[in-house]
Amino acid sequence: MRPILMKGHERPLTFLKYNREGDLLFSCAKDHNPTVWFADNGDRLGVYRGHNGAVWCCDVSRDSRRLITGSADQTVKLWDVQSGTQLYSFNFDSPARAVEFSVGDKLAVITTDPFMGQTSTIQVKRISRDPNEQVGDSILTIKGPQGRINRAVWGPLNKTIISAGEDAVIRLWDSETGQLLKESDKETGHQKTVASLVKSSDGSHFLTGSLDKSAKLWDSRTLTLIKTYVTERPVNACDISPLLDHVVIGGGQDASAVTRTDHRAGKFEAKFFHKILEEEIGGVKGHFGPINALAFNPDGRSFSSGGEDGYIRLHHFDSDYFTIKM
Amino acid sequence: MASIVSMADIEATAKGLGIDLSAVNLDSITLPPGEDFGIKSDDDEDLYHEEALELEAGFGNVIVVDNLPVIPLEKFEKLEGVIRKIYGQIGTIREGGFWMPVNPETKKTLGYCFIEYNTSQDAKSAKENTNGYKLDKSHIFAVNLFDEIEKYMKIPDEWTPAEIKPYAPGENLQKWLTDEKARDQFVIRAGPFTEVFWNDPRQLMPELVYRRQYWTESFVQWSPLGTYLATVHRQGAAIWGGASTFNRLMRFAHPQVKLIDFSPGEKYIVTYSSHEPSNPREKHWVLLNFFDLRTGKLMRDFRGNADDFVSGSSNVTGVSWPVFRWGGGREDKFFARLGKNVISVYETETFTLIDKKSLKVENVADFTWSPTDPIIACFVPELGGGNQPARVSLIQVPSKEEMRQKNLFNVSDIKMYWQNNGEYLAVKVDRHTKTKKSTTTGFELFRIKERDIPIEVLELENKNDKIVAFAWEPKGHRFAIIHGDGPRPDISFYSMRTAQNVGRVSKLATLKSKQANALYWSPAGRFLVLAGLKGFNGQLEFYNVDELETMATGEHFMATYIEWDPTGRYCATSVTSVHEMENGFHIWSFNGKLLYRIPKDQFYQFLWRPRPPSLLSPEKEEEISKNLKKYSKKYEAEDQDVSLQLSEQDRKKRKMIQEEWDQWVAQWKKLHEEEEQLRLALRDGEASDEEEEYEAKEVEGEEVIDVTEEIVDSDEDQD
């Protein structure tokens, strides 16, 4: 499996997202410029210019027309995917961390960081079909969890919002009222910051990756813990294969603590686990910094990883990957 | 711990007394000092044992010297001079701190005197050093601390027979050896937990025996025969063991204990503490206690200035542990300490110096005991700029006879390695050239068990090679050396025999350019792990010295510690918390197959439980190895059973997991279908869930058009 190296960002990668068809790959990095690539050969298609800070997260609408990006410059911007023009900018009083479109792309959930005395928030904005009618008001604001909320995603049918962050607790909120419905158990749940949260392709379950060196699989509706994948590295990123019963987990020693002795010391591999048996299948080496972002192509035949080293590595699986027997 | 009061009880009591509990701030209540309300703290017993504050006002620094000559007043000053001279050497006698009472009727002294020192330490060492001092034939000093008079007064005049306690049969402390599966135990410390496990290679995982949080405050240590596990606490050391679980068997009070050491036969335990001065004027002193392991009785203590306990060749920062080295094998008969120009050898019957004299060896730099016999090998470095040669001597104890001696020239340093049966001694000699610009290394090999102890000189083919590591084969006649200057040293194997001649050393093989810097022989001999620790990132090579071939290579990345189990069947490699990442341990079979891996964060210690030596006679052992097939049958059958059972279990477990998962999937699918219309509505009627079908088709449609293979260096894009 020879990876395609995509060098376009000048700073560490923060997030990767495929569109629904799997032909485009959107990448966010700390260098202010979200970028779109051809997911097949890794050619760069374009850059969305306008942010003035690190870009932490993005999402693309189902029809691949709209891109939403959240940035440390305290804005969340809507873009026209094709032309790269900025359609709208939501302004906040603190850096935006996570963004996601709802089913139907009429709503977006956004989280903001605690900043200058303000607590972190989860906010819901209405997204208009016509950008000229777009307004900036929040239809719902949830406050409460301590520390950064690293991810917030929509539950099935947009009825709930699932959030996770620095306090290591996964929470289920009512997306109408903002009421807290459920919290993950402290004993069995994560022990350290949850760095990433991704849903399965049908949204029925989701995977969380935490700095406590584990990833956990949960039921989206009941917040039941189903599986735990234990690894030797802090987990920064994870994803669920849409094709096979695999999950991929990436991360590594914190960039500030990386040793200079050997690149293997930091555990910068992307590790594959069997989703059901919780057993390790294998690993993909390559990055020389921690992995910050991972995403499977929706067809499950390739995946890409983004590292602290500024590279995106796009891997098309070899044919024997599909015949792995456990 | 007394009874625990529950919140419900408190509420009931409060109700009975008519107190509104919610109005009472429980945290604000302070108990009257000294009142414990009948709740006994676990620690009290130990805390009160801590040393009482030493007050200047006490009599702790006063000694009483008895058995002085009774003299008339004319000779008073002369005797005072003599006594002051003796006791002034030990410490400063206080001004006016000397008092020898005189009988006013006879005008003669009473035959004793009092001496007051500045510190109680001086008083104690005066007592230790001069009790029994012979002034002349009829006057042998009896020295006591003034404070001890009360103690002696309390001794009743009449002898009463000691109460004999009825015999209570103890537990079988070696029960672990009777494990049906013949497994071995190990202890690990990770995070706040200390855990003892069975190594269960058939199940490919360890089985927990005992776990305890905060079991020790610094480290744990097995006794040499594995009977006890020692833990170290602020108040002292404790030993644990037992038939079924780990019970506390004995405690040894020693405040601030830092290091412990067992005697090889498990009769005694030595504890050590060092008290660093809080201000530079005070002395840095150390205390060593010898306890009887079974009774807990303090047999002897040694206290003194730290400088006196730092032996010749050791570093400046502290004592080289163990300070007292045990000799004479498992009999625990002798122990010895290196001093300035002396080796002090003690025997354990009386805990005093043999013949009441230390062994005088001018300028001795180091010594080692034979692991089995009461023989000391000591090394005296070169003196007078090379005029007096360096010397290695073998001295028999307790006769203190020199059995063998060898003079060596141009020596810069010497290291001694005993074979563990005490049959051979290898002395590594670093020699410098006349100009002292370069050094060469050679070996002097002593055959201890042969007549007159022949010595053979072994030089490496390249004399300038540095010796990285040296190790004898346990119970064997072979040894291995890692030597070389470059980053990839060579490894050579030698035997003390040749095919024809048992009295000649011969080279067996040399392995070139290995990434290794440490050697670990299996305790059963024959097999060896060549390890590249630290700079080599944990390369492992399992080598069979009988066949002279590599059985397997492996890697435990960043490994810091390697230990064979006591039977030589398994080998453990671990990464301890000196590294931040990858903490945990791996268990390998003797032939280099990785059996299982256990990651543990904050991993501090891994120690196999030692086994006592086999009770089988050598003949019986030979018989077993001859008829190995007969004996192994039983175990092979067991192995097969287990593996069948395992695969059966495994299959069942997998099936269960899969079924469980299928349930989830079915549930999700049902809900997903139920919600389909709602989802459609959310998406303005756009057909939605076609993704799944589209994927399914693609799996079928795969076709190989062309396969080309190219060799690609996957690392090329790095660095």
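Chain B averages a pLDDT of 83, and 88% of the residues score at least 70; pLDDT is the predictor's confidence in each residue, from 0 to 100. Over residues 44-56 of chain B the value falls below 50, and beyond near neighbours in sequence this stretch has 12 contacts in the model, a contact being heavy atoms within 4.5 Å. Residues 691-699 of chain B also have a pLDDT below 50, with 11 contacts beyond near neighbours in sequence. For the complex, the predictor gives an ipTM of 0.83 and a pTM of 0.65.

This is a predicted model, in which local features need pLDDT of at least 70, side-chain atom pairs count only at pLDDT 80 or more, and totals for chains, interfaces and linings use all residues. Residues are numbered from 1 along each chain as its sequence is written, chains are lettered from A and ligands numbered from 1 in the order in which they are written, and side-chain values use heavy atoms, with hydrogens and water left out.

**Chain B as a whole**

Chain B contains 10 helices and 45 strands. These are DSSP runs, numbered from the N terminus: helices are H or I with at least four residues, strands are E with at least two. Of the 719 residues in chain B, 40% count as buried. Buried means under 20% relative accessible area, exposed means over 50%, and partly exposed lies in between (1.4 Å probe, protein chains only). Looking at contacts in chain B between residues at least 6 apart in sequence, 45% join residues at least 24 apart. The accessible surface of chain B is about 42,100 Å², and 51% of this belongs to carbon and sulfur atoms; the areas come from the Shrake-Rupley method with a 1.4 Å probe, and for residues only the protein chains shown count as cover.

**Salt bridges**

Over all chains, the structure holds 42 salt bridges. The term covers a side-chain nitrogen of Lys or Arg within 4 Å of a carboxyl oxygen of Asp or Glu. Here are three of them.

| Pair | Closest N to O |
|---|---|
| Arg84(B) and Glu80(B) | 2.9 Å |
| Lys507(B) and Glu461(B) | 2.6 Å |
| Asp546(B) and Arg526(B) | 3.1 Å |

Arg84(B) and Glu80(B) are four residues apart in helix α3 (residues 76-88) of chain B, so about one helical turn separates them. Arg84(B) is partly exposed, at 33% relative accessibility.

Lys507(B) belongs to strand β36 (residues 506-511) of chain B, while Glu461(B) sits in the loop between β32 (455-459) and β33 (467-472) of chain B, so this pair ties together parts that are 46 residues apart in sequence. Lys507(B) counts as partly exposed at 36% relative accessibility, whereas Glu461(B) is exposed, with a relative accessible area of 69%.

The pair of Asp546(B) and Arg526(B) links distant parts of the chain, 20 residues apart: Asp546(B) is in the loop between β39 (539-544) and β40 (549-555) of chain B, and Arg526(B) in the loop between β37 (518-521) and β38 (527-532) of chain B. Asp546(B) is partly exposed at 40% relative accessibility, and Arg526(B) is partly exposed at 35%.

Salt bridges also link Asp179(B), Arg183(B), Asp200(B) and Glu207(B) in a network.

**Aromatic rings**

The count of aromatic pairs over all chains comes to 61. Rings of Phe, Tyr and Trp (its six-membered ring) pair if their centres lie within 6.5 Å; planes under 30 degrees apart are stacked, over 60 edge-to-face, and the rest tilted. Phe317(A) and Tyr321(A) are stacked, 3.8 Å centre to centre with 10° between the planes. Phe317(A) is buried at 10% relative accessibility, and Tyr321(A) is buried at 9%. Phe470(B) and Trp472(B) meet edge-to-face, 5.8 Å centre to centre with 80° between the planes; both residues are buried.

The charged end of Arg609(B) sits over the ring of Trp176(B), 3.8 Å from its centre. For such a case, NZ of Lys or CZ of Arg is within 6 Å of the ring centre and within 35 degrees of the ring normal.

**Backbone details**

Most residues other than glycine have a negative phi, and most peptide bonds are trans. The peptide bond from Val397(B) to Pro398(B) is cis, with omega near 5°. Ile453(B) has a positive phi near 50° and is buried, with a relative accessible area of 5%.
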